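Here is a friendly walk through a small set of computed features, from the overall fold to individual side chains. Have the sequence and the 3D view at hand as you read.

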Amino acid sequence: MKLKRSYDKKIAGVCGGIAEWMGLDPTMVRIAYVLVSIFSVGFPGILVYIILWIVMPPPESE
């Protein structure tokens, strides 16, 4: 399966796309992403999210 943004989205579909690609629950990926962003001072979570939003292709039409 190709990594792409998801229709299962809260903001841009990045975490939903990563969850689909890895076969995980989107809610768990979102929670993990927020926790890593909060507890890791050296991890610029918002910047990485924006970069992924730009780089990841949009979901395919259904």
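## The overall picture

Of the 62 residues in the protein, 27% are buried. Please keep in mind that this is a predicted model. The accessible surface comes to about 4,500 Å², and carbon and sulfur atoms account for 71% of that surface.

The protein has three helices and zero strands, which gives the pattern α-α-α when read along the sequence. Its radius of gyration is 11 Å, close to the 11 Å that the globule rule gives for 62 residues, so the protein is as compact as a globular protein of that length. The C-alpha trace spans about 40 × 25 × 20 Å along its principal axes. If you look at contacts with a separation of 6 or more, 45% of them come from residues 24 or more positions apart.

## Helix 1 and its cover

Helix 1 takes in residues 14-22. Its buried residues are Val 14, Cys 15, Gly 16, Gly 17 and Ala 19. What lies over them? The cover of these buried residues includes helix 2, residues 26-39, and helix 3.

Just after helix 1 comes Gly 23. Its phi angle is positive, near 75°.

## The nonpolar core

Which residues make up the largest nonpolar core? There are eight of them: Ala 12, Val 14, Cys 15, Ala 19, Val 29, Tyr 33, Tyr 49 and Met 56. Helix 1 and helix 2 each supply at least two residues of this core, and helix 1 gives the most, with three residues.

## A close look at Cys 15

Cys 15 is a good residue to select in your viewer. This cysteine sits in helix 1 and belongs to the largest nonpolar core. Is Cys 15 buried or exposed? Its relative accessibility is 8%, and the cut-off for buried is under 20%, so Cys 15 counts as buried.

Setting aside neighbours within four places in sequence, Cys 15 is in contact with Val 29, Arg 30, Tyr 33 and Tyr 49. Val 29, Tyr 33 and Tyr 49 are also members of the core. Another pairing to view is Cys 15 with Leu 52: these residues are 37 apart along the chain, and their C-alpha atoms are separated by 9.5 Å.

## Arg 30, a buried arginine

One of the contacts of Cys 15 is Arg 30, which has its place in helix 2. With a relative accessible area of 16%, Arg 30 is buried.

Which residues does Arg 30 contact, leaving aside its neighbours within four places in sequence? They are Asp 8, Lys 9, Lys 10, Cys 15 and Gly 16. Two of these names will be familiar from helix 1, where Cys 15 and Gly 16 are among the buried residues.

## A nonpolar patch on the outside

Now turn to the surface. A nonpolar patch there is formed by Ile 11, Ile 46, Leu 47, Ile 50, Ile 51, Trp 53, Ile 54 and Val 55. Together these residues have about 870 Å² of accessible area.

Ile 54 is one member of the patch to pick out. It has its place in helix 3, which covers residues 45-55. Is Ile 54 buried or exposed? Ile 54 is exposed, because its relative accessible area is 69% and the cut-off for exposed is over 50%. Cys 15 and Arg 30, by contrast, are buried, at 8% and 16%.

Methods. Residues numbered from 1 in each chain as written. Predicted model: local features only at pLDDT ≥ 70, side-chain atom pairs only at ≥ 80, totals over all residues. Heavy atoms only, no water. Patch = residues over 30% accessible without salt bridge, like charges linked within 9 Å, V, L, I, M, F, W, Y side chains within 5 Å. Areas by Shrake-Rupley, 256 points an atom, 1.4 Å probe, with all protein chains shown as cover. Salt bridge = Lys/Arg side-chain N within 4 Å of Asp/Glu carboxyl O. Helix = DSSP H or I, 4+ residues; strand = E, 2+ residues; numbered from the N terminus. Buried < 20%, exposed > 50% of the residue type's maximum accessible area, 1.4 Å probe, protein only. Contact = heavy atoms within 4.5 Å. Core = buried A, V, L, I, M, F, W, Y, C linked by side-chain atoms within 4.5 Å. Rg over C-alpha atoms; globule rule 2.2 N^0.38 Å.
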